[in-house]
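User: Please take a close look at one part of this structure, the packing of its helices against each other. I would like one connected account that also covers individual residues in those helices.

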Amino acid sequence: MSTTVSLDNATFIRPSNFYISGLYNMPHAKYYYMFLCFIYAVTVLGNSFIMGTIYLARTLHTAKYIAVFNLAFSDLCGSSALIPKYAEMFLLENQYIPYENCLASMFFVFLFMTMQSYTLLALCFDRVIAICFPLRYHAIVTKTTMTLIIGVMWVIAVCIITSMAALLTRLSICKTTTISSYFCDHGPIYRIACNDYSPNYMMANVYTALVLCIPLILIAFSYVCIGVALLKISHGAERIKAMKTCTSHLILVAMFYLPIFSIYMVAITTYLHPNTRIINSVLAQTIPPMLNPIIYTLKTEEVLQSIKILYKRVKVNFAIDNPVQSILKS
């Protein structure tokens, strides 16, 4: 069933529903979707824990951790926009989604993925100033500055994704209503249009450049600057200490960008079976949000110390509120 809309003497066919194909003819696919539910549960717990720790620990109320909080929020919301709805669809084998819901879903999935990329760039800015201009760090990287940077990034992200979604509404969908992907993906939607989709193709390239290529180039250039600054440090111990402050961020950057660009490069150079492409793409979008809070907890001394302080505070408060139980336990 579809809706016919007439605009400026042109007829646009707009389907009432899309069909999300997902994994095609793959045995035991339900176990894969159940695994995604497990990933989602760990993602929710981990990112909620990091956000709660940053909120409660006063020592983490700094410019850097505004960006870390935003990354955890984007990871949590990005996974929430992708996994629950589509896991439910495939597990219950009800793979139809209304047109408006499909575009809304696409908007939020791409919005939070964009913010993940931009927040990694914001964290890189923090590391560059900390290592290249250590004496001016607290004057440059203030809470106001970081809030402004993150705010501007949100505005840019919303503008980009709104443009992508708005251009899709100009398409006449009459070839098929089946989206060959695991969610309402931008590319598979515009490719099933009957009318000219060159503006959508251009917008897809603009998105790739603005959200993936340019941030990664800026991050790479920043680490060249950091490398030069580290070489100027005469003491080896100080150099290693400075390098350690970048390890968490480097791991997050590698986990986010490498899988995405690997899928792009393989897709360009060779044929990928649709199921292989879908599995790799899903894991590239869902594994980093799950691992990010674990890496920040294990690799960042400030976070570990804050968790220990909060744990001791909870123990003290419990002992004050329940003196009898505390005596019995001891």
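Analyst: What follows goes from the overall fold to two helix pairs, then to single residues and ring pairs.

The model is a predicted one. The protein has eleven helices and five strands, and its C-alpha trace spans about 70 × 55 × 40 Å along the principal axes. Of the 330 residues in the protein, 44% are buried. Contacts between residues at least 6 apart in sequence are mostly long in range, with 77% of them joining residues at least 24 apart.

Two packed helices are described by the angle between their axes and the distance between the axes. Helix 7, residues 198-231, and helix 8, residues 236-269, have axes that come within 11 Å and cross at roughly 155°. Angles over 145 degrees count as roughly antiparallel, and helix 7 and helix 8 are therefore roughly antiparallel to each other. Their crossing is left-handed. On the side of helix 7, the contact is made by T208, V211, L212, C213, P215, L216, I219, Y223, I226, L230 and L231. Helix 8 contributes R239, A242, M243, C246, H249, L250, V253, F256, Y257, I260, F261 and Y264. By residue class, this contact divides into 20 nonpolar residues, two polar and one charged.

V211 of helix 7 is one of the residues in that contact. With a relative accessible area of 0%, V211 is buried, because buried means under 20%. Apart from residues up to four places away in sequence, V211 touches T114, S117, Y118, I160 and Y257. Of these, Y257 belongs to the helix 8 side of the contact between helix 7 and helix 8. T114, S117 and Y118 fall within helix 3, which covers residues 99-132. F256 is also listed on the helix 8 side; the C-alpha atoms of V211 and F256 are 12 Å apart in space, with their positions 45 residues apart in sequence.

The second pair is helix 2, residues 63-91, with helix 9, residues 274-299. Their axes are 9 Å apart and the helices pack at an angle of about 145°. Helix 2 passes helix 9 in a left-handed crossing. From helix 2, the residues K64, V68, L71, D75, S79, L82 and I83 take part. They meet Q285, T286, P289, N292 and Y296 of helix 9. The residues of this contact divide into six nonpolar, four polar and two charged.

Helix 1, residues 29-56, holds T43, a residue that touches both members of this second pair. T43 is buried, with a relative accessible area of 0%. Setting aside neighbours within four places in sequence, T43 is in contact with D75, L76, S79, T286, P289 and M290. Among these partners, D75 and S79 are on the helix 2 side of the contact with helix 9, and T286 and P289 are on the helix 9 side.

Y55 is also found in helix 1. Is Y55 buried or exposed? Y55 has a relative accessible area of 62% and is exposed. The C-alpha atoms of Y55 and A209 are separated by 34 Å, and the two residues are 154 apart along the chain.

Helix 2 also takes part in ring pairing, and the structure holds 16 aromatic pairs. In one of them, the rings of F73 and F112 have centres 6.4 Å apart and planes at 80°, so the pair is edge-to-face. F73 is in helix 2 and F112 in helix 3, 39 residues apart, and the pair links distant parts of the chain. F73 counts as partly exposed at 34% relative accessibility, whereas F112 counts as buried at 9%. Ring pairs link F73, F107, F108, F112 and W154 into a cluster.

After helix 2, the loop that leads to strand 4 (96-98) contains E93. Most residues other than glycine have a negative phi. The phi of E93 is near 55°, a positive value in a residue other than glycine. E93 is exposed, with a relative accessible area of 59%.

Notes: Residues are numbered from 1 along each chain as its sequence is written. This is a predicted model: local features need pLDDT of at least 70, side-chain atom pairs count only at pLDDT 80 or more; totals for chains, interfaces and linings use all residues. Side-chain values use heavy atoms; hydrogens and water are left out. Axes are lines fitted to C-alpha atoms, for helices over the stretch in contact, and angles run from 0 to 180 degrees between N-to-C directions. Helices (H or I, at least four residues) and strands (E, at least two) are DSSP runs, numbered from the N terminus. Angles under 35 degrees count as roughly parallel, over 145 as roughly antiparallel, 65 to 115 as roughly perpendicular and the rest as oblique. A crossing is left-handed if the near helix is turned anticlockwise from the far one by less than a right angle, and right-handed if clockwise. Contact means heavy atoms within 4.5 Å. Ala, Val, Leu, Ile, Met, Phe, Trp, Tyr, Cys and Pro count as nonpolar, Asp, Glu, Lys and Arg as charged, and the others, Gly among them, as polar. Buried means under 20% relative accessible area, exposed over 50%, partly exposed in between (1.4 Å probe, protein chains only). Rings of Phe, Tyr and Trp (its six-membered ring) pair if their centres lie within 6.5 Å; planes under 30 degrees apart count as stacked, over 60 as edge-to-face and the rest as tilted.
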